[in-house]
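Me: I have a chain on screen and would like to talk through its confidence, its cavities and its cysteines. Could you take a look with me?

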Amino acid sequence: MNLNIDIIADSLRKNYELIQIEVKHKELTFEQVVIYTDEVSFLPARVYVAEGGQLPQKPFFEDFCAIVSIGKSSHSFIDSDCDYIELEAGLSLAQVVNSIQDIFNKYNRWFLDMKEAVINEQGIQKLIDLTLPILGNPIYLHDKAYHFIGFAEPPNMPTKKDPYQINKCNGRFPRDLLDQLKDTPFFENTFKTTKPTFYIDKGDVNYIYDNIWYHGEYWGRLFVDESVKPFDKGDYAIIEILRKMIEKILTKRNLFPEMKYRLLEKNLIEMLEGYNVDRNCLEEELKQYEWDICDTYFCIKLQMEKIDLMLNTMVNTCEVIELELGDCIAFPYQEEIIGLVHIDGASDTLRRIKRVLKKLEYAVGISMPLTDFRELPYYCKQAEIALKYGTKENKAEQIHRFEDYCFSYMLDCCTKELKPNMLYPPMLNKLIEHDQKKSTSYVETLRAFLENDLKAAQTMRALYVQRSTFLYRMERIEALLGTDFKDNKTKIHLLMAFQLMDREE
């Protein structure tokens, strides 16, 4: 990895006193350290170390390089094209050269580890974790929709009230903070920057931020918080390298040409809208993902919030889902997001879906496993139903599975055209009427008997009655209705009627 003089000076400053520094270039240009002698010619991209008195009066530079002088040099470098650092006199030449070589080695190791993480698709969080020891300050990454994609904090992180950190573990910026930022003209201008930039927010918290760009559009933001140690000048170059590596991962996750890559999305939308899609064409598109039409999938549906629609972040959120979840495709559809997740072991895939989507803080509906691709619209409908019923019946939960709400949906389907009591079997209406006239508890007794699988002992415990009382009631019920309730159809009809009765109450 090439370095610039800021990075070298930052590292040297930890062990040596820097008397003077002249920085002419910010580019990562320098490749190696060299001991200067009279026989050495000045070459570009080299860092030359020498005692001040050994440097020539008028050194000739073929191109800019860097000079590290131990003691004052007899030549002024102010008007030259080279970077210059003057260290205190009397230092060991070999020691200084070794120190600079250690700096090169440190950053080379970091850069190679970063490249390996990109090549092996180890993820964005791995890049952030590798960079934390280099910067020494907290690193955060959020997307266009203000979801935290990754972050890392030093173990010596101070416990301070930082508004940007409140919801990072929950996955998203606080809503009130977003409202404040939207009304700040200066903050709006930060979306135009294309290099690491220093920023102070209203709480006097210092940051260096660098915008992430993907396909020429703003994707999100990388920012480093100056809460553990003061920023070094070389931090800007390190943050820029981290940003470029993140952009490489984003590109690597979308290997296919854009039109070809999104062709599957186009056909899935056509299927949802009731159009016939050529099977051979669909199979070819699925092969691009290494999927097969006979594989098993989950359909998921995410409920968008008004702020997401207003900020137009749906496409960006889809990219985050695909990036973080993997082995899936997600796309906007009718102001919501539809996802198709390839199942590689149903339980593992479901755990992965829950773990990833919980970070995004959206309500999510999940279908039962889809095994016949022709039935995709029905399974997307399952995800929609799970989302609708889950957000209504279990607001505390974020992830809702269709199988948990399937029975409720069945009951609602029964009562779309008829009132619930019109679906009761005649024998139940007869028993209800008897209870009302005679003040008996036969409906309660029958329900407990059926719900306890026709087992007398369990039913008696559930009703808190003696055996003789229970047997007498059942004898009267059977005589009144003329059945012993062993017929499956009768049992199912009665049990569903009891559920409908609960819904009426």
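Me: What is the mean pLDDT of the chain?
Reply: Happy to help! This is a predicted model, with 87% of its residues at a pLDDT of 70 or more. Two stretches fall below 50: residues 165-170, with 18 contacts beyond near neighbours in sequence, and residues 254-261, with 10 such contacts. The mean over the chain is 84.

Me: In which helix is confidence lowest?
Reply: At the other end of the scale, α1 has the highest confidence, at 95. The lowest mean is 42, and it belongs to helix α7 (residues 258-261).

Me: Which helix gives the largest share of the lining of the second largest cavity?
Reply: Good one. The model has 5 cavities of 30 Å³ or more, and the second largest holds about 40 Å³ of space. Its lining is made up of D6, A9, D10, R13, I21, V23 and K233, which divide into 3 nonpolar, no polar and 4 charged residues. The largest share, 3 residues, comes from helix α1 (residues 5-12).

Me: How many disulfides does the count come to?
Reply: A pair of cysteine sulfur atoms has to lie within 2.5 Å to count. For C299 the nearest cysteine sulfur, that of C380, is 3.8 Å away, and for C406 the nearest, that of C413, is 9.0 Å away. Neither C299 nor C406 is in a disulfide, and the count comes to 0.

Me: Is C299 buried or exposed?
Reply: The cut-off for buried is under 20% relative accessible area. C406, at 22%, counts as partly exposed. C299 has a relative accessible area of 1%, so C299 is buried.

How values were computed. Residues numbered from 1 in each chain as written. Predicted model: local features only at pLDDT ≥ 70, side-chain atom pairs only at ≥ 80, totals over all residues. Heavy atoms only, no water. 1 Å grid on protein atoms, 1.4 Å probe; cavity = no way out; pocket = protein on both sides within 12 Å on 5 of 7 lines; lining within 4 Å. Points joined across faces, edges and corners; volume = space filled by probe spheres on them. Helix = DSSP H or I, 4+ residues; strand = E, 2+ residues; numbered from the N terminus. Nonpolar A, V, L, I, M, F, W, Y, C, P; charged D, E, K, R; others polar. pLDDT = per-residue confidence, 0-100. Contact = heavy atoms within 4.5 Å. Buried < 20%, exposed > 50% of the residue type's maximum accessible area, 1.4 Å probe, protein only.
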